[in-house]
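Here is a briefing for the bench. Keep the sequence and the 3D view open while reading.

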Protein chains: 2
Amino acid sequence: MNMTSQVIPQALERLIQDLCKLPGIGQKTASRLALNILRRPAGEARELANALAELHSSIQLCSCCFTFSQNDPCAICADHKRDQALVCVVEQPGDLLAIENAGNYRGHYHILHGVLSPMDGIGPAEIKVKELEARINSGTIKEVFIATSSTVPGEATASFLLDRLQHRAIRITRLACGIPMGMDIKYADKHTLARAIESRSESR
Amino acid sequence: MNMTSQVIPQALERLIQDLCKLPGIGQKTASRLALNILRRPAGEARELANALAELHSSIQLCSCCFTFSQNDPCAICADHKRDQALVCVVEQPGDLLAIENAGNYRGHYHILHGVLSPMDGIGPAEIKVKELEARINSGTIKEVFIATSSTVPGEATASFLLDRLQHRAIRITRLACGIPMGMDIKYADKHTLARAIESRSESR
């Protein structure tokens, strides 16, 4: 225990260490956030605490598309006005939100919950590939629109899916070029993303 | 309510909005953090929620130096091995932590909880100036070491304190040059800060 940790109240130190576990939050940012929270009314901290405590208990995975959802099936899977024959395959629920935000996609989704990454021991069994094939087997899907990120593992996962699905009598499309290479699709601006959705290309 | 907010589960949206209130956290960062928290075990979110909920209830202001503390007086004010005749005046508790981290200061502190800012209606009565004068009146203090940030309001506050205290029979010192102008002292590296503490200069 160094001198500084003696002068930091235990409750503050604990919050700083917990905030440090979040992505992109280091020791300095965590201290700044924690001190800011402490300077503001206790009600705001309690409100944030409640939001965190209730997060996992009120959200589940949709058993059809595997996005985070309050209900099962999720609002998108339950929406019969959307095109059930078109399924957009993305890496994570955040990617679904980015595509919804672009505003011009009216099909369904399938969340892989990861990308292939042999170095980290993540193969096809670790992401929702089997579940995608089961949905295709059920017969309603006519087009699988692959929208993994244009990163190395995202591209590898897209190639793998193309290989795996190309013998099937369905259309397979890819998100069009327009997204800068190496950029995660969550961070693309919505107009670029909308254009890439519009001009999505045939993969075979 | 736009289309996106219909597909974001309510509990997730609520957490995102709460995270957005923190300094330096925008909509995109908040979404990224919230989705990351959701992907990780529920136990971690609950741990963070508990840390937040207990923050204000277990931390108070030290009635002597006004820093955030588990006990009253705080660990520093209660430490008789530290020099009681020397008091370092800082803007916020975070500045105290930065100075403690530099490792070469062995005096006490006085937290102003703000800087003079006439545009925001913050005058001497809104920061802990009266309380500092009361401590000086009690007679133990022989040196007031002003360590406000070298920003415009920080400098203005230092000048005000110098004016207000210069008729007293105590030494008044300032944190030495060495901190880049315009930089908040919390973000200075500890070696620069240690040198500035070492060569603090007489203010009159």
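The notes below cover symmetry, domains, aromatic pairs and salt bridges.

This is a predicted model. Chain A can be laid on chain B by a turn of 180 degrees. A search of the whole structure finds 16 salt bridges and 4 aromatic pairs, both counted over all chains.

**Symmetry and interface**

- Superposing chain A on chain B gives an RMSD of 0.1 Å. The shift along the axis is 0.0 Å.
- That turn and shift are the relation of a two-fold axis.
- Which residue of chain A comes closest to the rotation axis? It is A:A49, with its C-alpha at 2.0 Å.
- The copies meet through the same surface, because 100% of the interface residues of chain A are also interface residues in chain B.

**Domains of chain A**

- The domain assignment splits chain A into domain 1 (3-58) and domain 2 (68-202).
- The centres of domain 1 and domain 2 of chain A, taken over C-alpha atoms, are separated by 35 Å.

**Aromatic contacts**

- The whole structure holds 4 aromatic pairs over all chains.
- In one of them, the ring centres of A:Y105 and A:F145 are 5.8 Å apart. Their planes stand at 50 degrees, so the pair is tilted. Tilted pairs fall between the stacked limit of under 30 degrees and the edge-to-face limit of over 60.
- A:Y105 sits in the loop between α5 (93-102) and β4 (107-111) of chain A. A:F145 belongs to strand β5 (residues 143-146) of chain A. The pair therefore ties together parts that are 40 residues apart in sequence.
- Are A:Y105 and A:F145 buried or exposed? Both are buried.
- A:Y109 joins A:Y105 and A:F145 in one aromatic cluster.

**A salt bridge between the chains**

- Side chains of opposite charge can pair when their charged atoms come close.
- A:E47 and B:R14 meet through their side chains in a salt bridge, at 3.3 Å from N to O.
- A:E47 lies in helix α4 (residues 42-58) of chain A, and B:R14 in helix α2 (residues 10-20) of chain B, so the pair joins two chains.
- A:E47 is partly exposed, with a relative accessible area of 28%. B:R14 is also partly exposed, at 29% relative accessibility.

**Salt bridges within chain B**

- The side chains of B:K21 and B:D18 form a salt bridge of 3.4 Å, N to O.
- How buried or exposed is B:K21? At 45% relative accessibility, B:K21 counts as partly exposed. B:D18 is buried, with a relative accessible area of 7%.
- B:R174 and B:E155 meet in another salt bridge, at 2.9 Å from N to O.
- B:R174 lies in strand β6 (residues 171-174) of chain B, and B:E155 in helix α7 (residues 152-165) of chain B. This pair therefore ties together parts that are 19 residues apart in sequence.
- B:R174 counts as buried at 18% relative accessibility, because buried means under 20% relative accessible area. B:E155 is partly exposed, with a relative accessible area of 27%.

**A salt-bridge network**

- Which residues are joined into one network by salt bridges that share partners? They are A:R14, B:E47 and B:E54.

Note on methods: Residues are numbered from 1 along each chain as its sequence is written. Chains are lettered from A and ligands numbered from 1 in the order in which they are written. This is a predicted model: local features need pLDDT of at least 70, side-chain atom pairs count only at pLDDT 80 or more; totals for chains, interfaces and linings use all residues. Side-chain values use heavy atoms; hydrogens and water are left out. Rings of Phe, Tyr and Trp (its six-membered ring) pair if their centres lie within 6.5 Å; planes under 30 degrees apart count as stacked, over 60 as edge-to-face and the rest as tilted. Helices (H or I, at least four residues) and strands (E, at least two) are DSSP runs, numbered from the N terminus. Buried means under 20% relative accessible area, exposed over 50%, partly exposed in between (1.4 Å probe, protein chains only). Copies are superposed by least squares on the C-alpha atoms of residues with pLDDT of at least 70 in both. Contact means heavy atoms within 4.5 Å. Domain bounds come from an automatic or database domain assignment. A salt bridge is a side-chain nitrogen of Lys or Arg within 4 Å of a carboxyl oxygen of Asp or Glu.
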